[in-house]
Amino acid sequence: MTNLVDRFYAAVSVLAGDGHIKQRLIRAYTDNLAEIEDDELPIALKESFAETRKRMHCVAPLKGEGPIRASVRKMSAREASECALALFTLYSEMLRHTGEMPRLPGKEPSAPAPFLVKSISN
């Protein structure tokens with residue numbers, strides 16, 4: 001399950017980054033979530049993810065373009081933002097389901113400050 005959480009975390013990190021929302025959405029989904037199979041997901045998330053997948057594959061691609069790029073190209077900026085929010089919501093639900101602690105996009109967990117760590121050598 002951790003791999004799945006990591007994939008959603010990576011997608012959310014892309015969504016929180018720089019660039020136009022459509023470009024971020026395409027990259028977040030294509031690079032991190034497009035290959036997820038339904039049986040990998042917790043039952044509680046399957047329907048929501050299937051709806052998002054359907055939105056990301058709803059337009060027939062033009063020559064040289066994939067279905068994800070074509071679908072996002074046809075979305076308004078508002079629709080793309082709604083899809084991004086749906087992915088963030090799925091990530092949040094995934095964390096709740098697994099009991100894992102959330103990480104901030106772009107921030108890796110750091111070691112505690114040395115003064116907070118008790119010395120075991122004493």
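Here are three short exercises with worked solutions on this predicted model.

**Exercise 1.** Work out which helices feed the largest nonpolar core, and what Phe 49 touches.

*Solution.* Start with the core itself: it has 30 residues, and Phe 8, Leu 25, Leu 33, Phe 49 and Met 56 have the most contacts inside it. Next, look at who contributes: helices H1 (2–15), H2 (21–33), H3 (43–56), H4 (67–74) and H5 (77–98) each give two or more residues. Now zoom in on Phe 49. Skipping its neighbours within four places in sequence, Phe 49 is in contact with Phe 8, Tyr 29, Leu 33, Ile 36, Leu 41 and Leu 90.

**Exercise 2.** Decide whether Asn 32 is buried or exposed, and find where its side chain reaches.

*Solution.* Asn 32 sits in helix H2. Its relative accessible area is 16%, and buried means under 20%, so Asn 32 is buried. The side chain reaches the backbone oxygen of Ala 28 at 3.2 Å. Leaving out residues up to four places away in sequence, Asn 32 touches Arg 7, Ala 10, Ala 11, Val 14 and Arg 27.

**Exercise 3.** Take the salt bridges Asp 38 with Arg 53 and Glu 93 with Arg 96, and say where the partners lie.

*Solution.* For Asp 38 and Arg 53, the closest N and O atoms are 2.8 Å apart. Asp 38 is in the loop between H2 and H3 while Arg 53 is in helix H3, so this pair ties together parts 15 residues apart in sequence. For Glu 93 and Arg 96, the closest N and O atoms are 2.6 Å apart. Both lie in helix H5, three residues apart, about one turn of the helix. Glu 93 is partly exposed at 32%, whereas Arg 96 is exposed at 60%.

How values were computed
Residues numbered from 1 in each chain as written. Predicted model: local features only at pLDDT ≥ 70, side-chain atom pairs only at ≥ 80, totals over all residues. Heavy atoms only, no water. Core = buried A, V, L, I, M, F, W, Y, C linked by side-chain atoms within 4.5 Å. Buried < 20%, exposed > 50% of the residue type's maximum accessible area, 1.4 Å probe, protein only. Helix = DSSP H or I, 4+ residues; strand = E, 2+ residues; numbered from the N terminus. Contact = heavy atoms within 4.5 Å. Polar contact = N/O pair within 3.5 Å; in protein donor to acceptor, adjacent residues only side chain to side chain. Salt bridge = Lys/Arg side-chain N within 4 Å of Asp/Glu carboxyl O.
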